[in-house]
Amino acid sequence: MAFSIIIALIVALIIVGVWVSAIQQHKEKQEAERRQELTKQKKIIEETEEVLMNSANVPMSKALFTILHKRIHDALQVMSTLSPNSKEIKTRLEESAKRLEASSSKDSNSDKVALPDNEKQVIALVQSVKKLRNIIRSEHSKGKVDTQIFLNEDKRMEKIQVQVSIDSQLKRGRAAQSANMIGSARQYYEKAKSIIASLNYRDEYINSKAVEIEEVLKQISTELKATNATDRQKKQEQEKDDLDVLFAPKKKW
């Protein structure tokens, strides 16, 4: 009888141990998932804040400002749910709500971009525009952005990206011209021309740049022809001088 009781107790202890272990593993899994989700939301916030900080030269509409600030606010709300006792997250959430409300007052009616002077800054600008487009697509895929707003903002970002690409090529072309590097200048202008040729739309900016590029390429072509003609003439004169020296009467000493 006592032996049966001991066996029963051992079995009960084993069952309790397995149950406690299962609960502990479940808690550890939940905690790991919680930390993983917190890390994910933190990365979303950092990425969005970085884009906002690096997009000073990018004209952004009210809708785009709202999308970005709402993205941060939504991520903080998730973090607040996961860490309800965090005063830091609660404070940031309140600040985010104020920025989200204020974002509706910000707007830029222009799609024109001031091209930075520094080449690294131009690259950073292009990367910022690409990140903005990726964020808009991501938020739209989650159902957080209206389809028409997504289409409008994505088209605006595409035009800005194209403008930066074209303007940077033209800037390099002008610099090469100033340095009398006509061949390199033509390559830059031809690249700008190919960018325009690849587009499936036309607007005032694109049309004006297409005309400008054609005029510059004609000018370069004329300059290259003139340079080649001058070079040929110099070469012919040099060859003539060499022949005159070769067949000139030898002097008697």
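Helices here are DSSP runs of H or I with at least four residues, and they are numbered from the N terminus. The model is a predicted one, and the exercises below work through how some of its helices are bounded and packed.

**Exercise 1. Describe helix α5 from its start to what follows its end: how many residues has α5, what reaches the backbone nitrogen of Q148, and what is the sign of phi at N180?**

Solution. Begin with the extent of the helix: α5 covers residues 147-178, and its 32 residues reach 46 Å from the first C-alpha to the last, which is close to the 46 Å expected at 1.5 Å a residue. Next look at the start of α5, where a side-chain oxygen of D146 comes to within 3.0 Å of the backbone nitrogen of Q148. Finally, look beyond the end of the helix, where α5 is followed by N180, a residue with a positive phi, near 65°.

**Exercise 2. Decide how α5 and α6 are oriented to each other, and state which residues meet.**

Solution. Two packed helices are described by the angle between their axes and the distance between the axes. For α5 and α6 (residues 182-197) the angle is about 165° and the axes lie 7 Å apart. Angles over 145 degrees count as roughly antiparallel, and α5 and α6 are therefore roughly antiparallel to each other. Their crossing is left-handed. On the α5 side the residues in contact include V162, I166, L170 and G173, and on the α6 side they include A185, Y188, A192 and I195. Sorted by class, this contact of α5 with α6 has 10 nonpolar, five polar and three charged residues.

**Exercise 3. Apply the same steps to α2 and α3, and then find which residues S80 touches.**

Solution. The axes of α2 (residues 62-82) and α3 (residues 87-102) come within 9 Å and cross at roughly 155°, and that makes α2 roughly antiparallel to α3. The crossing of α2 past α3 is left-handed. Among the residues making the contact are H69, I72, H73 and L76 of α2, together with I89, L93, S96 and L100 of α3. By class, the contact of α2 with α3 divides into seven nonpolar, six polar and three charged residues. Turning to a single residue, S80 lies in α2, and, leaving aside residues up to four places away in sequence, S80 touches I89 and L93. The C-alpha atoms of S80 and R92 are 9.6 Å apart, although 12 residues separate the two along the chain.

**Exercise 4. Determine how α2 is oriented to α4, and give the classes of the residues in their contact.**

Solution. The axes of α2 and α4 (residues 119-141) come within 11 Å and cross at roughly 70°. Angles of 65 to 115 degrees count as roughly perpendicular, and α2 and α4 are therefore roughly perpendicular to each other. In this contact L64, I67, L68 and R71 of α2 meet L132, I135, I136, S138 and E139 of α4. The contact of α2 with α4 has six nonpolar, one polar and two charged residues.

Key
Residues are numbered from 1 along each chain as its sequence is written. This is a predicted model: local features need pLDDT of at least 70, side-chain atom pairs count only at pLDDT 80 or more; totals for chains, interfaces and linings use all residues. Side-chain values use heavy atoms; hydrogens and water are left out. Axes are lines fitted to C-alpha atoms, for helices over the stretch in contact, and angles run from 0 to 180 degrees between N-to-C directions. Helices (H or I, at least four residues) and strands (E, at least two) are DSSP runs, numbered from the N terminus. Angles under 35 degrees count as roughly parallel, over 145 as roughly antiparallel, 65 to 115 as roughly perpendicular and the rest as oblique. A crossing is left-handed if the near helix is turned anticlockwise from the far one by less than a right angle, and right-handed if clockwise. Contact means heavy atoms within 4.5 Å. Ala, Val, Leu, Ile, Met, Phe, Trp, Tyr, Cys and Pro count as nonpolar, Asp, Glu, Lys and Arg as charged, and the others, Gly among them, as polar. The expected span of a helix is 1.5 Å times one less than its number of residues. A polar contact is a pair of N or O atoms within 3.5 Å; within protein, one must be able to donate a hydrogen and the other to accept it, and residues adjacent in sequence count only if both atoms are side-chain atoms.
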